[in-house]
Amino acid sequence: MGHQYFLKRGEYPDYQQWQGLNDSIKSCRLISQGSGNHKIRIYERDDYKGEMMDFMEDCPNVYDRFCSHEIHSCNVLDGHWIFYELPNYKGKQYLLRPGEYKKVTDWGSSTARVGSFRRVLDLH
């Protein structure tokens, strides 16, 4: 729950270096390497309905590729992905591990607005 931040291996002497809103972290999660492949299927409606599109690469602007500002469900077929609230990987972040997300609350959001998303790479 709360704000999420993806940090690569390294030193962060100040929380502002990872664009944190405050200096408090209540929990963290290790992301496993997995197969190295990435594939996500996004849908314009809940329960995998409406227009669908597969991605294997990062998407800096969802509207430019999907013609919608909203993603209501998705299926992470391979790899880990991060959804961003705004284009160009800005705003609130949501980590999606392999699995099914039938509605936006399944990935922890209260809104279907997704401006961009990218693969989690370089875990070392």
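A residue counts as buried when its relative accessible area is under 20%. In this predicted model, Tyr84 has a relative accessible area of 4% and is therefore buried.

The largest nonpolar core comprises 19 residues. Within this core, Ile40, Ile42, Phe83, Trp107 and Phe117 have the most contacts. Two or more core residues come from each of the strands β1 (39-45), β3 (73-78), β4 (81-86) and β5 (90-96), and from the helix α1 (62-66). Beyond its neighbours within four places in sequence, the core residue Trp107 is in contact with Ile71, His72, Ser73, Cys74, Phe83, Tyr94, Leu96, Tyr101 and Val114.

A search of the whole structure for aromatic pairs returned 7. A pair of aromatic rings is described by the distance of the centres and the angle of the planes. For Phe55 and Phe117, the ring centres lie 4.9 Å apart and the planes stand at 90°, so this pair is classed as edge-to-face. The pair joins distant parts of the chain, as Phe55 belongs to strand β2 (residues 49-55) and Phe117 to strand β7 (residues 116-119), with their positions 62 residues apart in sequence. Phe55 and Phe117 are both buried. Tyr84 and Tyr89 form an edge-to-face pair as well, because their planes meet at 70° with the ring centres 5.6 Å apart. Ring pairs also connect Phe55, Trp81, Phe83, Tyr101, Trp107 and Phe117 into a cluster. Phe83, Trp107 and Phe117 thus appear both in this cluster and among the core residues with the most contacts. The ring of Tyr89 has a further partner in Arg118, whose charged end sits over this ring at 4.3 Å from its centre.

Two other residues were examined individually. Asn75 lies in strand β3. With a relative accessibility of 16%, Asn75 falls under the 20% limit and so counts as buried. When residues up to four places away in sequence are set aside, Asn75 touches Lys39, Ile40, Arg41, Tyr48, Gly99 and Glu100. Among these contacts, Ile40 is one of the core residues named above.

His3 is located in the segment before β1. Its relative accessibility is 47%, so His3 is classed as partly exposed. Apart from residues up to four places away in sequence, His3 touches Leu21 and Lys92. The C-alpha atoms of His3 and Gly20 are 8.5 Å apart in space, while the two residues are 17 residues apart in sequence.

Technical notes
Residues are numbered from 1 along each chain as its sequence is written. This is a predicted model: local features need pLDDT of at least 70, side-chain atom pairs count only at pLDDT 80 or more; totals for chains, interfaces and linings use all residues. Side-chain values use heavy atoms; hydrogens and water are left out. A nonpolar core is a set of buried Ala, Val, Leu, Ile, Met, Phe, Trp, Tyr and Cys residues joined through side-chain atoms within 4.5 Å. Buried means under 20% relative accessible area, exposed over 50%, partly exposed in between (1.4 Å probe, protein chains only). Helices (H or I, at least four residues) and strands (E, at least two) are DSSP runs, numbered from the N terminus. Contact means heavy atoms within 4.5 Å. Rings of Phe, Tyr and Trp (its six-membered ring) pair if their centres lie within 6.5 Å; planes under 30 degrees apart count as stacked, over 60 as edge-to-face and the rest as tilted. A charge sits over a ring if NZ of Lys or CZ of Arg is within 6 Å of the ring centre and within 35 degrees of the ring normal.
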